[in-house]
Amino acid sequence: MTTQDEIEPDEVDVRALPREPLDLIPGFRDRLLMELDAAGVAPRRRIGTLCRITGRSGPSVRRWIDLEEPGLPDLESFARLCQSLKVDVNYILGLTPLRLPLPEQKGELEDGDEPWLKEVRRVVSASLGGCEPMVMRGDDMAPKINDGDLLFIDRRQTIIAGNGIYLIDYMGRTMVRIVEDRLSDGIVLRCANERYADLTISPASIASSEFRIAGKVLQRLTITSL
């Protein structure tokens, strides 16, 4: 029988481990709400969306985002949330303040992608605070952003925070545009390519479900031949 004084060197005395408080409650709730907002889920649709993702009942999922007494999901529901929201488990658990996307699995590479490109995306995305990589398609933003350039999108940016380049969802179309906020007149979506005309979005259209800020473009990566 092993006593406290006879613990083997390679055994772990759990009583000696540091016990720093983990930010699980309400930290998990706050990060989950932030992820739902970033995904464009309206507050009135949160319960239904969580039920659909996890297969759990309304009363169960409501506890996870309760403002007074939040609770934690079961392990399977937690895994399904991470998969659906594409968020790293360490972040949503509060083990790291850095928001990283869920690592891709084999077979999830985009068409034509090579393994080395996946690694480039992972490293650069991590250095940009977990921004989501996206390949630019089309010449709308040339020569500022060219067809095939790799963009890094901050999906947490769902409102216009100063003029800049944003990822926009409008009337069923996703586009990269230079956004100019003209206050009471609405906003102007501009292409860098002068062949394409500006598009003015009225305040009423901005408030509709047909318009959404899907993220802000922070960086681009261009590969050129020598």
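**Entry 1: a pair of strands to begin with**

In which sense do strand 4 and strand 5 pair, parallel or antiparallel, and over how many bridges? I looked this up before anything else, keeping in mind that the model is predicted. Strand 4 and strand 5 (residues 187-190) pair in the antiparallel sense, and I find four bridges. One of the facing pairs is D181 with I187 of strand 5. The two strands make a hairpin with five residues between them. In that turn I noted L183, whose phi is positive at about 55 degrees.

**Entry 2: the hairpin before it**

Next I went to strand 3 (residues 164-170) and strand 4 (residues 173-181). They run antiparallel and are joined by seven bridges. I wrote down two partners in strand 4: T174 for D169, and M175 for I168. This is a hairpin too, with two residues between the strands.

M171 caught my eye in the loop between strand 3 and strand 4. Its phi is near 55 degrees, a positive value in a residue other than glycine. Is M171 buried or exposed? The relative accessibility comes out at 54%, so M171 counts as exposed; the cut-off for that is over 50%.

**Entry 3: the other side of strand 3**

I then followed strand 3 to strand 7 (residues 211-221). These two pair in the antiparallel sense over five bridges. D169 turns up again here, with R212 as its bridge partner in strand 7. How many residues of strand 3 are buried? I count seven of the seven, so strand 3 is largely enclosed by the rest of the structure.

**Entry 4: the whole sheet**

With those pairings noted, I looked up the strand order. The sheet is open, has seven strands in the order 1-2-7-3-4-5-6, and its pairing is antiparallel. Which strands are at the edges? They are strand 1 (132-135) and strand 6 (199-201), each of which pairs on one side only. From one strand to the next, the twist averages 45 degrees.

At the strand 1 edge, four bridges join strand 1 to strand 2 (residues 150-154), and the two run antiparallel. M134 has L151 as its bridge partner in strand 2. The loop between strand 1 and strand 2 holds P143. The peptide bond that joins A142 and P143 is cis, with omega at about 5 degrees.

**Entry 5: over to the helices**

I stepped back to read the order of elements. The protein has seven helices and seven strands, and along the sequence the pattern is α-α-α-α-α-α-β-β-β-β-β-β-α-β.

I picked helix 2 (residues 46-54) and helix 4 (residues 75-85) for a closer look. Their axes come within 9 Å and cross at roughly 105 degrees. Helix 2 and helix 4 are therefore roughly perpendicular to each other, as angles of 65 to 115 degrees count that way. L50, I53 and T54 of helix 2 make the contact with S77, R80, L81 and S84 of helix 4. Sorted by class, the contact has three nonpolar, three polar and one charged residues.

Which residues of helix 2 are buried? My list reads R46, T49, L50, C51, I53 and T54. What covers them includes helix 1, helix 3 and helix 4. Just after helix 2 comes G55, with a positive phi near 75 degrees.

K86 sits in the loop between helix 4 and helix 5. Its phi is positive as well, about 55 degrees, although K86 is not a glycine. At 54% relative accessibility, K86 counts as exposed.

**Entry 6: cores and totals**

Where does the largest nonpolar core get its residues? Helix 1 (27-38), helix 2, helix 3 (58-64), helix 4 and helix 5 (89-92) each supply at least two. This core has 18 residues, and those with the most contacts inside it are F28, L32, L36, L50, W64, L81 and I92. L50 and L81 I had already met in the contact of helix 2 with helix 4. There is also a second, separate core of twelve residues, including M136, L167, I178 and V217.

Two totals close the page. Of the 226 residues of the protein, 35% count as buried. Among contacts with a separation of 6 or more, 48% are between residues 24 or more positions apart.

Definitions and conventions: Residues are numbered from 1 along each chain as its sequence is written. This is a predicted model: local features need pLDDT of at least 70, side-chain atom pairs count only at pLDDT 80 or more; totals for chains, interfaces and linings use all residues. Side-chain values use heavy atoms; hydrogens and water are left out. Axes are lines fitted to C-alpha atoms, for helices over the stretch in contact, and angles run from 0 to 180 degrees between N-to-C directions. Angles under 35 degrees count as roughly parallel, over 145 as roughly antiparallel, 65 to 115 as roughly perpendicular and the rest as oblique. Contact means heavy atoms within 4.5 Å. Ala, Val, Leu, Ile, Met, Phe, Trp, Tyr, Cys and Pro count as nonpolar, Asp, Glu, Lys and Arg as charged, and the others, Gly among them, as polar. A nonpolar core is a set of buried Ala, Val, Leu, Ile, Met, Phe, Trp, Tyr and Cys residues joined through side-chain atoms within 4.5 Å. Buried means under 20% relative accessible area, exposed over 50%, partly exposed in between (1.4 Å probe, protein chains only). Two strands pair if DSSP finds at least two bridges between them.
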